[in-house]
Structure formats: structure tokens, C-alpha cells
Amino acid sequence: MLSFLIIIYLSLLDGILGQQELCEDAFSCSGLTLSGEALCYGFHSCVESKFDDVNLVECLGGEACIGSRPIDANDSIICSGFKACTKIRYLNSINSSIKCTGDKSCENGDLTAKRDILCSGHSSCIRSKTETRSLTCLGKKSCQQMSHAGVLSNAQCDGHASCSTSTIVADNIYCRGRQSCEKMKALTVSDTAYGYGYRALSGAAISAKTVDAYGYRSIEQAKLDSGNLKNIEIIINAYGYQASIGSKKGGTDILCRNSSLCTLNCKGDGCDGITLTCSTGALCNISPIECMVNHTDGSISSQFISCPQYIASQSSQQDQLLINGFVTRSDEVQSNLDYPQEIDEMMDEIESQYEQLISETDDEDEIEQLSVYKQMEDEDDSVSKELYNWEECDDALECEGRLFNSSTPEGFCLGYMSCLNAEFDYDGDIQCFGYKACMNATQIYTSGTRSGTSRDTGTAKGFI
């Protein structure tokens with residue numbers, strides 16, 4: 001009996017907690033060794049803890065598992081508290097998934113999961129590295145500035161700027177949120193890159209078998225390189241309204257290298273601003289064919305379709321000059337992208353300074369004032385990077401079911417499935433330029449006459 005009690009006592013001294021341990025209070029399991037199911041619900045509840053042979057890990061409290069030892073879990077890892085799983089060398093779900101649902105919950109992390117990784121909190125996986133089968137980025141800036149994301153299947157970027165300025169390798173990527181995949185450092189897709197959102201792939205460096213540019217300004221200033229995709233047909237569908245519209249900073253560049261087959265399909269003004277460069281030994285097609293015959297300068301065809309500028313190399317020496325020009329323009333675009341990143345870093349530093357000041361004072365009035373200032377900085381940050389009309393519905397499913405009337409500006413439905421089931425109670429243009437924008441919407445006024453209770457679908461442009 002005595003030896004049995006001694007064993008129990010020694011186990012407690014070592015801080016080993018088995019089976020299921022509920023760490024509800026602040027610092028309650030801090031520095032201990034956890035096994036079985038680790039349930040870290042309190043503030044700093046599992047700070048600097050060691051996770052040994054754990055199955056389920058739940059870090060739900062604020063900074064609950066911050067600074068802990070590397071976590072290898074047999075089952076799921078859930079980080080829903082503010083900064084719950086930051087400053088951990090790596091997180092690994094051996095058989096299941098990782099869910100980062102809190103603000104900055106997995107910031108700067110090294111995440112590996114057999115099944116999937118979910119980043120739904122604001123900046124939840126910002127500046128992280130990931131390896132998984134499926135990656136879903138729902139929160140604003142949730143997967144922004146990832147140095148590497150290896151995805152065996154699909155990557156879904158639905159949040160505002162969710163995957164911008166990242167490097168992602170995947171089978172397919174769905175860029176549905178506003179500016180969701182904008183200015184990506186490198187996007188390598190073995191199948192299809194879907195540009196559904198407003199400026200979804202704007203300024204991105206893309207290598208993909210198929211690119212669907214359905215969103216408004218979806219591939220503006222993008223750089224598409226056939227690269228090593230040889231003897232495979234590469235298809236670019238520029239169907240969105242002003243999908244590649246040129247600007248003072250340049251338009252969209254497509255480089256079709258030797259031994260590549262590239263097809264560019266144009267509708268409306270989707271190809272306005274595109275330059276297609278075809279190297280010797282490459283086979284290039286443009287639809288409509290008239291664009292390759294009579295409108296290689298980027299003019300408008302007889303079918304009122306904006307044609308791209310088409311450049312066909314005549315020699316290997318010219319190939320090199322054209323490729324050098326493509327690379328130079330790509331570098332210029334990327335250099336223009338550093339400024340928004342600098343703003344992000346500056347705002348993060350300001351936020352950290354406010355948090356430090358708040359933590360160092362006990363004066364409640366001072367804490368309240370600092371919190372107000374911090375909130376004002378956050379609000380300023382939300383509009384500092386790009387000034388745009390707040391009435392624009394330019395994110396995925398934004399303005400669903402909304403009533404537009406004469407007291408509001410004209411409807412600009414630019415995001416993926418934006419203005420779904422909306423009602424437009426005025427007689428004017430409704431700009432439904434997002435992919436599947438204004439589906440099932442009704443215009444109560446038609447040609448100056450109220451349509452009564454029938455609410456027939458309006459005749460304004462963009463309705464589907």
C-alpha cells in the first residue's frame with residue numbers, strides 16, 4: 001500500500017496529468033506535462049506546458065497554450081482563444097485536423113495536419129507555414145503572408161485578403177473573397193485557379209493548368225507563366241467584367257514558353273489590358289480567332305470583344321529579350337506590393353505597443369483610454385490600405401438579401417455571389433459584375449414604373 005502511494009506522489013511531483021485534464025483557471029496547468037486529452041480553457045492555462053502522447057488538444061482560453069512545447073496530437077488541435085497557439089515551434093495533428101478559429105490564434109506557426117487545416121479567425125494563421133490535404137481560410141487576413149502552404153487537394157480563400165501575399169502549392173485554389181489571393185508571391189496549381197472575387201488574383205504570380213478569371217478585376221496586373229507545364233494545354237478564361245483592365249502600373253502578362261500550348265478565351269472586356277507573349281516552339285490560341293489576325297494590338301474586334309495584345313517571338317534571341325521583360329515587369333509588380341505589407345507590420349507593432357502599455361498599468365481610467373485609442377487604430381487600419389466605397393458589395397456573399405433604394409448609392413455587386421436575393425427599389429443601373437452576382441435579385445422599379453407585388457426580375461445589366 002505504501003509503495004502504491006509513493007508512486008502516485010512521485011507522479012504528481014513530475015507534473016504528469018493523464019487521461020483527461022480540464023485546465024479552467026488562469027495558469028492552472030502552466031508548465032506541466034499533459035497527456036490524453038488536454039483541455040486548456042483558462043487564460044494562460046497551459047503556458048509553456050509539455051504535451052506528451054496527447055489525443056485531443058483544445059486551447060480555448062486567451063493565450064492558453066502560448067509558448068508551449070511542440071504539440072504532436074493523435075487527434076484534433078483546436079485553437080480558438082486569442083493568440084491561443086502562438087509561439088509554439090510546431091503543431092502536428094497526426095490523424096486529424098487543426099482548427100485556428102481565434103484572432104491570431106496560430107500566428108507565425110508551423111502547422112501540419114493529415115486531413116485539413118481551418119483558419120477562420122482574423123489573422124489566425126498569418127505568416128505561418130502549413131502542410132495538409134485541405135486548407136480553408138475564412139477569416140480576414142487569415143492565411144496572409146504564408147511563407148509556404150503545401151496543399152495536396154484544395155485551398156479555399158474566402159475571407160477578405162485571406163491568402164494575399166502568400167506562397168501556395170495546391171491542386172486547386174478557390175479565391176472567392178475580396179482581394180483573397182491578391183499579390184501572391186507564388187501560386188503553383190496543378191489544376192485550376194478560380195478567381196471569383198473582386199481583385200481575387202490581382203498582382204499574383206501564377207502557374208496553373210487553368211485560370212478562371214470570373215471576378216471583377218480578378219487578374220489585374222497578374223503574371224501568368226507556363227513555366228514547366230510543357231506539352232499540357234494551359235487555358236486562361238478571361239470572362240469577368242474588366243478582369244484584367246490595364247492601369248498606369250501595367251496590365252496582365254501571360255508568358256507561354258517553349259513547348260507549351262496556351263489558349264486565351266476572351267469575353268466582353270475581360271482581355272482588355274492583357275499581353276500574351278508566345279515564345280518560339282510554343283503554340284498559342286486566342287478566342288475569338290479574329291484577335292490573332294486583325295487585332296493583335298489589343299483593339300476591339302467586330303464582335304465588340306476587347307482583344308489582348310499579342311506578341312509572337314521570331315527567334316530564340318527575341319525569346320530571351322521577351323522573357324527578361326516579363327521577369328522585370330513581374331519584379332516591378334512585386335516591389336509595389338511591399339508597401340501594404342509594411343503597413344501590416346507597422347500596425348501590428350502599434351497594436352503590440354498598446355497591449356504592452358495596457359498590461360503595465362493598474363489605472364482603470366488609463367486602461368480604458370488606451371483601449372479606446374487602440375480601437376481607433378484598428379478602425380483606421382481597416383480602411384488605410386485601400387479607399388473604396390463602403391456601399392460596394394465586393395466580398396463573397398456580401399449584401400445578401402439587402403434592400404437598395406434611392407437613398408443609397410447605385411448598387412455595385414462585385415463579389416462572388418454578392419447581392420444574392422437582393423431588392424433594388426429604384427430605376428437605375430445595377431452593376432452586377434461579380435461572378436454569379438445578383439442571383440435571384442429583383443428590381444421593384446422597371447423603366448420608371450413600379451412592378452407591384454409580382455417583383456419581376458429587373459432588366460438592369462448583370463442579372464443572371
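## A salt bridge to start from

Asp225 and Arg257 form a salt bridge, with their closest N and O atoms 2.7 Å apart. The pair ties together distant parts of the chain: Asp225 sits in strand S18, Arg257 in the loop between S20 and strand S21 (261-266), and 32 residues separate them. The model is a predicted one.

How exposed or buried are the two partners? Asp225 has a relative accessible area of 19%, under the 20% cut-off, so Asp225 counts as buried. Arg257 comes to 24% and is therefore partly exposed.

## The chain as a whole

The chain has 464 residues, and 51% of them are buried. Its secondary structure consists of 5 helices and 31 strands. The accessible surface is about 21,100 Å². Carbon and sulfur atoms account for 49% of that surface.

Some contacts span long stretches of sequence. Take the contacts between residues at least 6 apart: 24% of them join residues at least 24 apart.

## Other salt bridges

How many salt bridges does the structure hold? The number is 7. Side chains of opposite charge can pair when their charged atoms come close.

Asp253 and Lys223 make one of these pairs, with closest N and O atoms 2.9 Å apart. Asp253 belongs to strand S20 (residues 252-256) and Lys223 to strand S18 (residues 223-225), so named by DSSP runs; the two residues are 30 apart in the chain. Both Asp253 and Lys223 are buried. Strand S18 thus holds Lys223 as well as Asp225, by the DSSP strand assignment.

Arg176 and Asp158 also meet through their side chains, at 2.9 Å from N to O. Each lies in a loop. Arg176 is in the loop between strand S15 (167-175) and strand S16 (186-195). Asp158 is in the loop between strand S14 (154-157) and S15. They are 18 residues apart, and the pair links distant parts of the chain. Arg176 has a relative accessible area of 15%, so this residue is buried.

A further group works as a network. Glu182, Arg199, Arg217 and Glu220 are linked by salt bridges.

## A cavity beside strand S18

What does a search of the whole structure find in the way of cavities of 30 Å³ or more? There is 1. Its volume is about 70 Å³. Rolling a probe the size of a water molecule over the atoms shows where empty space is left.

Which elements give two or more residues to the lining? They are strand S17 (205-213), S18, strand S19 (233-238) and S20. S17 provides the largest share, 4 residues. The lining includes Ile206, Ser207, Ala208 and Val211. Leu224, Asp225 and Ser226 are also among the lining residues, as are Ile234, Ile236, Ile254, Leu255 and Cys262. Asp225 therefore has two roles in this report: it is a buried residue that pairs with Arg257, and it lines the cavity.

## A parallel sheet

One open sheet has 3 strands, in the order S25-S27-S29, and its pairing is parallel. The edge strands are S25 (403-405) and S29 (442-443), each of which pairs on one side only. Strands of a sheet pair through backbone hydrogen bonds, either parallel or antiparallel.

How many bridges join strand S27 to S29? There are 2, and the strands run parallel. S27 covers residues 423-425. Phe424 has Gln443, in S29, as its bridge partner.

## Unusual backbone spots

Most residues other than glycine have a negative phi, and most peptide bonds are trans. Three places in this chain stand out against that background.

Ser287 and Pro288 are joined by a cis peptide bond, with omega about 5°. Pro288 lies in the loop between strand S23 (283-287) and helix H2 (290-293).

Thr165 is not a glycine, yet its phi is positive, at about 55°. Thr165 sits in the loop between S14 and S15, the loop that also holds Asp158. Its relative accessible area is 13%, so Thr165 is buried.

Phe304 has a positive phi too, near 60°. Its place is the loop between H2 and strand S24 (309-312). Is Phe304 buried or exposed? With a relative accessible area of 71%, Phe304 is exposed.

Definitions and conventions
Residues are numbered from 1 along each chain as its sequence is written. This is a predicted model: local features need pLDDT of at least 70, side-chain atom pairs count only at pLDDT 80 or more; totals for chains, interfaces and linings use all residues. Side-chain values use heavy atoms; hydrogens and water are left out. Two strands pair if DSSP finds at least two bridges between them. A salt bridge is a side-chain nitrogen of Lys or Arg within 4 Å of a carboxyl oxygen of Asp or Glu. Buried means under 20% relative accessible area, exposed over 50%, partly exposed in between (1.4 Å probe, protein chains only). Contact means heavy atoms within 4.5 Å. Accessible areas come from the Shrake-Rupley method with a 1.4 Å probe; for residues, only the protein chains shown count as cover. On a 1 Å grid over the protein atoms alone, a cavity is a set of points where a 1.4 Å probe fits but cannot get out, and a pocket is an open set with protein on both sides within 12 Å along at least five of seven lines; lining residues have an atom within 4 Å of a point. Grid points are joined across faces, edges and corners, and a volume is the space filled by probe spheres set on the points.
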